[in-house]
Amino acid sequence: MQARQLLAALAPGEAVSGAQLADHAGITRAAIWKQVEALRARGLPVEARGAAGYRLPWPVQLLDAARIRAQLPRAGASRLGALHVHWELDSTSSELQRRLDEAADLSFVLAETQTAGRGRRGRNWLSPPGMNLYLSCLKRFDRGFAALSGLSLAVGTMVLRAIESLGIEGAGLKWPNDVLAAGGKLAGVLVELSGEYQGPCAAVIGVGLNLRLTDALREQAGQPACDLATLAGDPPDRNLAAARLIAALVEGLRQFEKDGFAPFAEGYARYDLLAGRRLRLSGAQGQFEGTGAGVDARGALQVRLADGGLRSVDSADVTVRRA
Ligand code: BTN
């Protein structure tokens, strides 16, 4: 029995004895125990309930391409390039990069778990199976990198639209595209561009969305983290959440291709967690302080300085100062 089959057996959230699992898979109880340990090592809190056996503290819906497709709006489904769901990948974004030449526009790759999930600034992205979403999308563009300014911010608004479409409020954006809620990171967006500066190019857009975190995972995250379970009581069905995310990206990326960042500016302003906040910035322009004043038509952060001037920032580390 592989870790994947064990997770499927435990998915309903009811206790299953080691003997039953071993019988079913035709392997020893020791081999079952080894797989339980493998799931635990990846961050899934499999409980041991004495004679009753093993159980998960909550039911899990395994990702399923057919269920995801069935929950896409018709327009989204017809525009989708491809949809691949894997049990395990190093990284969904690395997988799409490897398939860059042959993959159709608006192809999506999801994985139950990633062994080398990548975050921004070279960070790892924790990717336990059965709990969160790890998804990457390929979008091709014709008009070069210059037409892509604001893309990563626009993707942040697409993620928020998807979350709101699940009836979950309370999340916002920390420039450029950290999706935060209750002071912690709810989702991360990693946009990687390749191709020609003034011609055809491609964006591999990776999104990690936390549906359910354990205390241990929060500690390992290395930064404050939040999940949809905290905001919503129970997290949404994972296949439904994946479908909403895919639908929002398909629709949003097509709009971005046509009109650029401009149509997303209003949405961004609605979610902007830095507007009106005292900020400390450090980047190529050195260190300075000011007050968040929204973003411009290209997605650059606008910072009001003490002398009343406005500084435009394309890239910087931003921290919010305590009042
Ligand atoms: C961030 O650091 O804020 C960005 C995190 C992006 C994580 C996602 S998970 C799916 C995709 N695959 C990866 O390896 N990274 C992205």
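Which element gives the largest share of the shell around the ligand? The answer is β8, with 4 residues; the close-ups below start there.

This is a predicted model, in which local features need pLDDT of at least 70 and side-chain atom pairs count only at pLDDT 80 or more, while totals for chains, interfaces and linings use all residues. Residues are numbered from 1 along each chain as its sequence is written, and side-chain values use heavy atoms, with hydrogens and water left out.

**View 1. The shell around the ligand.** At least two shell residues come from each of α6 (92-98), β5 (133-141), β8 (184-195) and β9 (201-209). Helices (H or I, at least four residues) and strands (E, at least two) are DSSP runs, numbered from the N terminus. By type, the shell holds 6 nonpolar, 10 polar and 4 charged residues. Here Ala, Val, Leu, Ile, Met, Phe, Trp, Tyr, Cys and Pro count as nonpolar, Asp, Glu, Lys and Arg as charged, and the others, Gly among them, as polar.

**View 2. Contacts with the ligand.** Among the 20 residues around the ligand (a heavy atom within 4 Å of it), those that come nearest are Ser91, Gln114, Arg118, Arg120 and Lys185. Look for three polar contacts, pairs of N or O atoms within 3.5 Å. The side chain of Ser91 has an N or O atom 2.8 Å from a ligand oxygen atom. Gln114 places a polar side-chain atom 2.9 Å from a nitrogen atom of the ligand. For Arg118, a backbone N or O atom is 2.6 Å from an oxygen atom of the ligand. Of the 410 Å² of accessible area that the ligand has on its own, the protein covers 99% (Shrake-Rupley method, 1.4 Å probe).

**View 3. The loop with Pro176.** Pro176 is placed in the loop between β6 (171-174) and β7 (178-181). The peptide bond that joins Trp175 and Pro176 is cis, with omega about 0°. Most peptide bonds are trans.

**View 4. The loop with Leu106.** Leu106 is found in the loop between α6 and β4 (107-114). Although Leu106 is not a glycine, its phi is positive, at about 60°.

**View 5. The domains.** The domain assignment, automatic or from a database, gives domain 1 (3-55), domain 2 (65-271) and domain 3 (278-322). Taken over C-alpha atoms, the centres of domain 1 and domain 3 are 51 Å apart.

Note on methods: Polar contact = N/O pair within 3.5 Å; in protein donor to acceptor, adjacent residues only side chain to side chain.
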